[in-house]
Amino acid sequence: MKKLILAFLFLIGLSASAQTSKELIGKWQLVKWTKNGKEKSIEKHFKTDQVFQVFKENGDFESVIGDESHKAKWKLSKDNSQLTIVSVILPVVFTINSFDSQKRVITNPEVGTFEYKKVEE
């Protein structure tokens with residue numbers, strides 16, 4: 001019985017990670033930013049609380065901060081553990097801490113940990 005339960009949990013884990021790329025597609029709002037163990041003020045730093053990441057199926061990416069928009073490209077590692085965003089020629093690699101269809105937490109050692117929630121476009 002234990003082996004059956006473990007096999008079932010393993011299959012659920014595989015199906016969840018296989019859907020990561022599809023679940024990433026859409027618009028995500030930054031709701032929390034932590035750096036060196038301290039929560040940073042999104043509004044104070046960006047001069048707005050309207051900070052979004054938009055992922056499109058073709059690998060196109062858009063960073064939206066208030067009225068400003070910046071285009072880039074995105075890709076996931078094969079094991080869905082890392083997200084790379086390439087703006088012009090500079091790639092920024094994030095470790096995916098947790099991720100489901102409504103919430104995403106990513107970390108980069110230089111810029112900190114970001115928590116996003118999925119929003120309707």
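Rings of Phe, Tyr and Trp (its six-membered ring) make a pair if their centres lie within 6.5 Å; planes over 60 degrees apart count as edge-to-face. Keep that handy for this predicted model.

**Exercise 1.** Work out how many aromatic pairs there are by this rule, then classify the pair of Phe 55 and Trp 74.

*Solution.* Start with the tally: the rule gives seven aromatic pairs. Now take Phe 55 and Trp 74: their centres are 5.5 Å apart and their planes sit at 85°, which makes the pair edge-to-face. Next, place the two residues. Phe 55 belongs to strand S3 (residues 51-55) and Trp 74 to strand S5 (residues 68-76), so this pair ties together parts 19 residues apart in sequence. Last, check the burial, where the cut-off is under 20% relative accessible area. Phe 55 has 1%, so Phe 55 is buried; Trp 74 has 10%, so Trp 74 counts as buried.

**Exercise 2.** Do the same for Phe 94 and Phe 114, and find which aromatic cluster they join.

*Solution.* The ring centres are 6.2 Å apart with the planes at 75°, so we call this pair edge-to-face. Phe 94 is in strand S7 (residues 90-99) and Phe 114 in strand S9 (residues 112-119), so parts 20 residues apart in sequence get tied together. Both Phe 94 and Phe 114 are buried. They also share one aromatic cluster with Trp 33, Phe 46 and Tyr 116.

**Exercise 3.** Which residues form the positive surface patch with Lys 40, and is Lys 40 buried or partly exposed?

*Solution.* The patch partners are Lys 38, Lys 44 and Lys 47. Lys 40 itself is found in strand S2 (residues 38-40). Its relative accessible area is 36%, so Lys 40 is partly exposed.

Definitions and conventions
Residues numbered from 1 in each chain as written. Predicted model: local features only at pLDDT ≥ 70, side-chain atom pairs only at ≥ 80, totals over all residues. Heavy atoms only, no water. Patch = residues over 30% accessible without salt bridge, like charges linked within 9 Å, V, L, I, M, F, W, Y side chains within 5 Å. Areas by Shrake-Rupley, 256 points an atom, 1.4 Å probe, with all protein chains shown as cover. Salt bridge = Lys/Arg side-chain N within 4 Å of Asp/Glu carboxyl O. Lys, Arg positive; Asp, Glu negative; His and termini not counted. Charge placed at Lys NZ, Arg CZ, Asp CG, Glu CD. Helix = DSSP H or I, 4+ residues; strand = E, 2+ residues; numbered from the N terminus. Buried < 20%, exposed > 50% of the residue type's maximum accessible area, 1.4 Å probe, protein only. Phe/Tyr/Trp six-rings, centres within 6.5 Å; stacked < 30°, edge-to-face > 60°.
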